[in-house]
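The following report goes through one model, beginning with a helix and moving on to sheets, cores and a loop residue.

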Amino acid sequence: MKKQILLITLTLMVALCATSSFAQMTATIKGKVTDQAGAPMAGATVVYQSTESGRKYEAKTDKSGEYFRMGVQPGTYNIQLFKDGQMVLHFDNVHVKIAAENKQDIDLKKEAGAMQAQVSPEEKKRREAAAKASEKIKGLNAKLAQAEEASKAGNCAQSVQILQEAAQLDPTRHIIWARLGEYQVCDKHYPEAVESYKKAIAIAPTKGEYHNNLGQALLKENKIDEAVAEYNTAAQIDPAGAGTYFFNLGAVLTNKGKLDEAIVAFDKSIAADPNKADAYYQKGVNMLGKATLDKNGAMVAPPGTAEMLNKYLELAPDGPYAQPAKDLLASIGAKVQTSFGERKATKKK
């Protein structure tokens with residue numbers, strides 16, 4: 001009986017020694033996580049990943065922001081902090097030792113300050129400059145929006161004033177000068193608009209629309225040759241918009257009664273965009289302006305006039321000028337030749 005008791009005691013001692021030996025071969029990790037406001041971060045996940053084996057140990061933080069995990073193999077670990085599925089912070093090469101406290105607190109406020117302290121003076125200046133530039137752009141955008149609202153309300157003078165202030169704040173923004181020119185035209189300040197567009201072009205010389213707008217402002221000043229040069233430049237640097245630029249030139253010349261120059265502009269518009277229906281119609285109208293009367297008092301339109309009006313009807317059978325085009329054709333005794341308009345009478349057999 002004594003031998004049996006002794007055997008049981010020895011067995012228990014061996015088991016206890018084995019447990020003690022296992023406990024001595026692993027480590028405990030713990031710590032506290034606080035957010036940037038210094039408050040405990042509950043519900044976060046702290047992950048220890050071995051740099052040797054890749055094995056991971058995870059621990060959740062409680063309402064006090066504390067985490068605890070036993071049975072961690074000693075070694076070197078990378079630590080990652082996750083909150084709501086997103087990694088918030090990481091540490092590299094943290095040593096976990098046997099029979100040591102292995103306490104690793106994570107203070108996000110402290111870490112943020114440390115990261116900021118590591119930024120070089122040059123980088124800090126760059127960031128400060130970027131922040132200032134961002135604020136300036138925000139202010140300029142606000143002024144652009146204010147000017148647009150004033151323009152919609154019919155107050156172009158106020159729009160001009162707002163953008164003049166914006167140009168003083170930052171004269172390097174081409175859009176400020178371009179919009180200022182637009183509102184100066186609206187306010188009938190044409191010389192000032194010309195200067196504003198020139199400043200926009202000096203900053204952004206390859207924007208065709210700016211040359212187009214400068215051309216329109218120059219036409220308001222009756223500077224025809226300069227305006228034509230700007231429209232040609234717009235078409236050269238922006239071929240995709242050439243049809244529109246030459247059409248705009250033709251429209252303004254038409255309003256000024258310069259029919260020959262307008263017809264040339266519409267020809268260029270058609271050459272750049274053969275599907276620009278309005279250019280055919282406007283050219284036809286201008287050609288009619290050069291019509292003569294025969295000895296019987298009937299109107300004689302220049303050759304090609306009917307073709308221009310019919311081409312418009314072919315491209316835009318339901319366009320805004322469809323009925324006027326048909327009326328003009330009738331006035332010169334021409335027929336609608338397109339299948340989109342009036343149908344030709346069929347001959348009787």
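## Helix 8

Helix 8 (residues 224-237) has 14 residues that should span 20 Å at 1.5 Å a residue, and its end C-alpha atoms are 20 Å apart, which agrees; the expected span is 1.5 Å times one less than the number of residues. Helices (H or I, at least four residues) and strands (E, at least two) are DSSP runs numbered from the N terminus. This is a predicted model, in which local features need pLDDT of at least 70 and side-chain atom pairs count only at pLDDT 80 or more, whereas totals for chains, interfaces and linings use all residues. Residues are numbered from 1 along each chain as its sequence is written, and side-chain values use heavy atoms, with hydrogens and water left out.

In helix 8, the residues I224, A227, E230, Y231, A234 and A235 are buried, where buried means under 20% relative accessible area, exposed over 50% and partly exposed in between (1.4 Å probe, protein chains only). These buried residues cover an arc of only 135° around the axis, which puts them on the same side of helix 8; the arc is taken from the directions from the helix axis to the C-beta atoms. D225 and Q236, on the other side of helix 8, are exposed. The cover over the buried residues includes helix 6 (190-203), helix 7 (208-220) and helix 9 (242-255).

## Strand pairing

Strand 5 (residues 75-83) pairs with strand 6 (residues 86-96) in the antiparallel sense over eight bridges, pairing being assigned if DSSP finds at least two bridges between two strands. Within this pair I79 stands opposite F91, and in the hairpin, which has two residues between the strands, D84 takes a positive phi near 55°.

An open sheet of three strands has the order 4-1-7 with mixed pairing, and its edge strands, strand 4 (66-72) and strand 7 (106-107), each pair on one side only. Strand 1 (residues 27-34) runs antiparallel to strand 4 and is joined to it by five bridges, with I29 opposite R69.

## Nonpolar cores

The largest nonpolar core (buried Ala, Val, Leu, Ile, Met, Phe, Trp, Tyr and Cys residues joined through side-chain atoms within 4.5 Å) has 55 residues, and those with the most contacts inside it are L163, L219, L253, Y312 and L313. Helix 11 (residues 277-288) gives the most to this core, with six residues. A second, separate core of 20 residues includes A27, Y57, L89 and V94.

## A loop residue

K97 is found in the loop between strand 6 and strand 7 and is exposed, with a relative accessible area of 53%. Not counting residues up to four places away in sequence, K97 touches A27 and N102, contact meaning heavy atoms within 4.5 Å.
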